[in-house]
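User: I'm new to this one, so could you walk me through it? I'll ask as we go.

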Amino acid sequence: MRYRLTFITGAAVGYVLGARAGRERYEELRKGARRIAQNPAVRNTAETAAVNGRALVTRTFDKVGDRLPGSVADRIRSLRERGQGDLEDDWGTSNT
């Protein structure tokens, strides 16, 4: 209960402070976030992390896939099959 109360209090404080900052500050923050997301170094790092994450998940599934419930294993297989023909990621760059 204490954690729930802390979360609700934090959300209320965030809402009040956000409302006081107004739309102009929101737009400034949004523009800054967009500038960071479009930075080539950030994009390359995100792409590298995604590729490494996919490789790690593949290796892990190959080792423990037979111990997973059938529904989970089937879902992972379907996601892997769907992504194999996909050479372009969300950023419009290749995953190779």
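User: To start, what share of the accessible surface of the chain belongs to carbon and sulfur atoms?

Analyst: Keep in mind that this is a predicted model. The accessible surface of the chain comes to about 8400 Å². The part of that surface belonging to carbon and sulfur atoms is 59%.

User: What percentage of the residues count as buried?

Analyst: Buried here means under 20% relative accessible area. The chain has 96 residues. Of these, the buried ones make up 6%.

User: In what order do the elements of the chain run from the N terminus?

Analyst: The secondary structure comes to 3 helices and 0 strands. Read from the N terminus on, the order is α-α-α.

User: In which helix is confidence highest?

Analyst: Across the chain, the mean pLDDT is 81, with 85% of residues reaching 70 or more. Confidence is lowest in α3, residues 70-84, at a mean of 79. At a mean of 89, the highest confidence goes to residues 40-64, which form helix α2.

User: How far apart are the end C-alpha atoms of helix α1?

Analyst: Helix α1 covers residues 2-37, which is 36 residues. A straight helix at 1.5 Å a residue would reach 52 Å. The ends of α1 fall short of that, at only 36 Å.

User: On which residue is the kink in α1 centred?

Analyst: We just saw that α1 is short of the span of a straight helix. There is also a kink of about 100° in this helix. The residue at its centre is Gly22.

User: And what distance does α2 reach from its first C-alpha to its last?

Analyst: α2 has 25 residues. At 1.5 Å a residue, 36 Å is expected, and α2 comes close to that. Its reach is 36 Å.

User: Which residue has a side-chain oxygen reaching towards the backbone nitrogen of Ala41?

Analyst: Look at the start of α2, where you'll find this contact. The oxygen gets to within 2.9 Å of that backbone nitrogen. It belongs to Asn39.

User: Which residues are linked in a network of salt bridges?

Analyst: The structure holds 4 salt bridges. One of them joins Glu27 and Arg23, at 3.1 Å from N to O, and another joins Arg30 and Glu27, at 3.4 Å. Glu27 takes part in both, and the linked residues are Arg23, Glu27 and Arg30.

User: Why are Glu27 and Arg23 separated by about one helical turn?

Analyst: An α-helix has 3.6 residues a turn, so residues three or four places apart point the same way. Glu27 and Arg23 both sit in helix α1. They are about one turn apart because their spacing in that helix is 4 residues.

User: Is Arg23 buried, partly exposed or exposed?

Analyst: Its salt-bridge partner Glu27 counts as partly exposed, at 29% relative accessibility. Arg30 is partly exposed too, at 38%. Arg23 has a relative accessible area of 58% and the cut-off for exposed is over 50%, so Arg23 is exposed.

User: Which residue forms a salt bridge with Arg25?

Analyst: The partner lies in helix α1 as well, 3 residues from Arg25, about one turn of the helix. Arg25 is partly exposed at 39%, and its partner is partly exposed at 43%. The closest N and O atoms are 3.1 Å apart, and the partner is Glu28.

User: One last thing: how far apart in space are Phe61 and Ala73, C-alpha to C-alpha?

Analyst: Phe61 is found in helix α2. With 9% relative accessibility, Phe61 counts as buried. Along the sequence, Phe61 and Ala73 are 12 residues apart, while in space their C-alpha separation is 8.4 Å.

How values were computed
Residues are numbered from 1 along each chain as its sequence is written. This is a predicted model: local features need pLDDT of at least 70, side-chain atom pairs count only at pLDDT 80 or more; totals for chains, interfaces and linings use all residues. Side-chain values use heavy atoms; hydrogens and water are left out. Helices (H or I, at least four residues) and strands (E, at least two) are DSSP runs, numbered from the N terminus. Buried means under 20% relative accessible area, exposed over 50%, partly exposed in between (1.4 Å probe, protein chains only). Accessible areas come from the Shrake-Rupley method with a 1.4 Å probe; for residues, only the protein chains shown count as cover. The expected span of a helix is 1.5 Å times one less than its number of residues. The bend at a residue is the angle between axes fitted to the seven residues ending there and the seven starting there. A salt bridge is a side-chain nitrogen of Lys or Arg within 4 Å of a carboxyl oxygen of Asp or Glu. pLDDT is the predictor's confidence in each residue, from 0 to 100. A polar contact is a pair of N or O atoms within 3.5 Å; within protein, one must be able to donate a hydrogen and the other to accept it, and residues adjacent in sequence count only if both atoms are side-chain atoms.
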